[in-house]
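Visitor: Hi, I've got a few minutes before my next spin finishes. Could you walk me through this one?
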Amino acid sequence: MPQDRSAPLWLFADQLGPHVWDTDEFAGREVVLVESERALARKPFHRQKLHLVLSGMRHLADELGDRATYLRTGTYREALEKVGHPVVVHQPTSFPASDMVRRFRSDGLVSEIRPTPAFALGKDEFDEWAGDRDTFRMEDFYRTQRERFDVLMEGTEPVGGKWNYDHDNRESPPKGAGTLDVRAPWQPREDEIDDRVRADLDRAAKAGTRPTVGVDGPRRFAVTHGEATTALRHFVRHRLDTFGPYEDAVLAQDWAMAHSLLSVPLNLGALHPLEAVRAAERAYHDGTARLSSVEGFVRQVLGWREFVWQLYWRFGRGYTRRNHLRARTPLPDWWSDLDADAVTARCLSSALADVRDRGWTHHIPRLMILGNHALQRGYTPAEVNAWFATAFVDGFAWVMPPNVIGMSQYADGGAMVTKPYSSGGAYIDRMTDFCSGCAFDPKVRVGERACPFTAGYWQFVHRHRELHASNHRTARAVATMDRLRDLDALLEQESAREEY
């Protein structure tokens with residue numbers, strides 16, 4: 001079909017950046033933005049996530065002025081029928097949305113589907129790299145990304161002589177500190193658009209038309225390209241250097257630590273990943289951020305995030321149904337409802353409170369507290385995945401399956417990671433400040449003070465003994481478990497545990 005260069009460009013809510021709508025091809029063209037009531041109400045999203053999505057779309061419409069056609073309809077189909085002209089659209093970021101767009105094309109509502117410009121690497125390039133692999137390792141992909149985009153490279157060799165400085169980025173939180181000694185994260189100033197978004201969400205809540213989880217709160221994340229570049233500059237100038245050493249550390253009173261808080265604008269498509277990567281790389285060359293911190297940030301954005309995007313499509317539609325460990329326990333109500341007060345363990349309660357209050361925690365509470373607990377207790381992976389995708393403000397359909405099904409819950413049997421990511425309370429004690437004020441003791445396995453993570457770890461190893469014994473990275477855990485004199489008492493205790 002010949003390209004129609006007059007066709008309006010339809011943008012989804014995660015396609016908000018100028019790299020999508022202000023290219024040579026699309027500059028000046030009409031832009032269509034749609035608030036679909038069916039899409040907004042189809043799942044119990046976090047209240048603050050809905051605010052961010054709506055604020056992002058409405059701010060873009062305001063920025064584009066007469067160029068934007070902003071429609072609020074029951075469905076996307078109703079909106080496109082109102083446009084009165086077939087639209088061009090970039091590839092959506094989920095299987096259901098892609099199927100919908102293809103149907104619209106068959107029906108004449110969409111004239112062309114273009115590749116997404118929101119990621120650094122295209123699908124064809126990834127497929128060429130992946131070949132016929134059955135298992136995928138991020139480190140291999142990451143090195144190829146560094147070479148392809150010439151990031152932190154000196155010719156054909158990595159800057160500093162090493163690809164990965166992860167071992168430098170595992171420091172425990174500073175002893176006795178309540179917060180990191182680092183500039184607070186940048187936060188946007190709400191405006192009249194945010195006021196109207198909040199009023200609309202309040203009306204929907206009162207009418208019961210949009211089920212949500214979590215609580216309302218100030219908008220903490222960038223949703224426009226201008227805001228995102230400001231947040232990026234602030235992070236690079238004031239926080240990036242500290243980010244690396246304490247990348248995996250957690251302090252109860254410091255929800256953001258030195259993290260960038262750029263996952264929201266990146267996942268809304270308001271910021272291109274290479275913008276973030278190049279800004280961090282310049283900080284290293286300018287001498288304002290240490291190599292280990294810059295490399296760690298680049299690995300997150302150009303490595304892990306791009307890897308997850310590609311694997312969402314590679315693993316396919318049925319991936320969220322994978323359940324290699326046969327975990328069947330339903331998510332408890334206190335988890336689904338974000339009822340942090342129903343939980344005794346300080347680390348788990350704090351993580352749930354962070355999600356309730358902000359819709360965000362960084363990767364260690366996600367993986368080693370929330371994900372670790374779900375893995376140990378055998379919660380159904382598909383339910384865990386759906387919860388992460390809706391309760392987190394940066395959770396989208398493509399983001400969570402590799403992160404949750406693959407990495408966190410090991411439900412794909414090792415297609416993505418080499419071992420289950422489970423640990424006892426000792427890890428949490430080392431990397432956080434939660435344990436000193438907790439009713440449980442990370443060193444205790446059996447009894448009233450038995451830590452649910454420590455005891456839960458050994459229960460998990462016992463339940464999947466053959467899996468752990470056959471993996472050289474976890475075989476030692478089985479040998480250690482076999483020497484535990486209180487194993488029978490531990491297993492009986494954990495089978496009846498009601499308090500976490």
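Guide: Sure, let's start with a strand pair: strand 5 (residues 87-90) and strand 6 run parallel and are joined by four bridges. Strands here are DSSP E runs of at least two residues, helices are H or I runs of at least four, and both are numbered from the N terminus. Two strands pair if DSSP finds at least two bridges between them.

Visitor: Quick check, what kind of model is this?
Guide: This is a predicted model, where local features need pLDDT of at least 70 and side-chain atom pairs count only at pLDDT 80 or more, while totals for chains, interfaces and linings use all residues. Residues are numbered from 1 along each chain as its sequence is written, and side-chain values use heavy atoms, leaving out hydrogens and water.

Visitor: Back to the strands. Which residue in strand 6 does V88 stand opposite?
Guide: V88 faces E112 there.

Visitor: And what's the strand order in the sheet?
Guide: The order is 4-2-1-5-6, five strands in an open sheet with parallel pairing. Strand 4 (68-73) and strand 6 (110-114) are the edges, each pairing on one side only. From one strand to the next, the twist averages 30 degrees.

Visitor: Which strands does helix 5 lie across?
Guide: Helix 5 (residues 95-106) lies across strand 1 (9-11), strand 5 and strand 6, and runs at about 140 degrees to strand 6. Angles run from 0 to 180 degrees between N-to-C directions, using axes fitted to C-alpha atoms, for helices over the stretch in contact.

Visitor: New topic: helix packing. At what angle do helix 3 and helix 8 pack?
Guide: Helix 3 (residues 47-64) and helix 8 (residues 192-207) pack at about 135 degrees, axes 9 Å apart. They are therefore oblique to each other; under 35 degrees counts as roughly parallel, over 145 as roughly antiparallel, 65 to 115 as roughly perpendicular and the rest as oblique.

Visitor: What about helix 6 and helix 13, how do they cross?
Guide: Helix 6 (residues 123-130) and helix 13 (residues 291-315) cross at roughly 80 degrees, with axes coming within 11 Å. That makes helix 6 roughly perpendicular to helix 13.

Visitor: Which residues meet there?
Guide: K123, F126, D127, W129 and A130 of helix 6 meet F307, Q310, L311, W313 and R314 of helix 13, with contact meaning heavy atoms within 4.5 Å.

Visitor: Last one: where does D150 lie?
Guide: D150 is in the loop between helix 7 (138-149) and strand 7 (153-154). D150 has a positive phi of about 55 degrees although it is not a glycine. With a relative accessible area of 46%, D150 is partly exposed; buried means under 20%, exposed over 50% and partly exposed in between, using a 1.4 Å probe and protein chains only.
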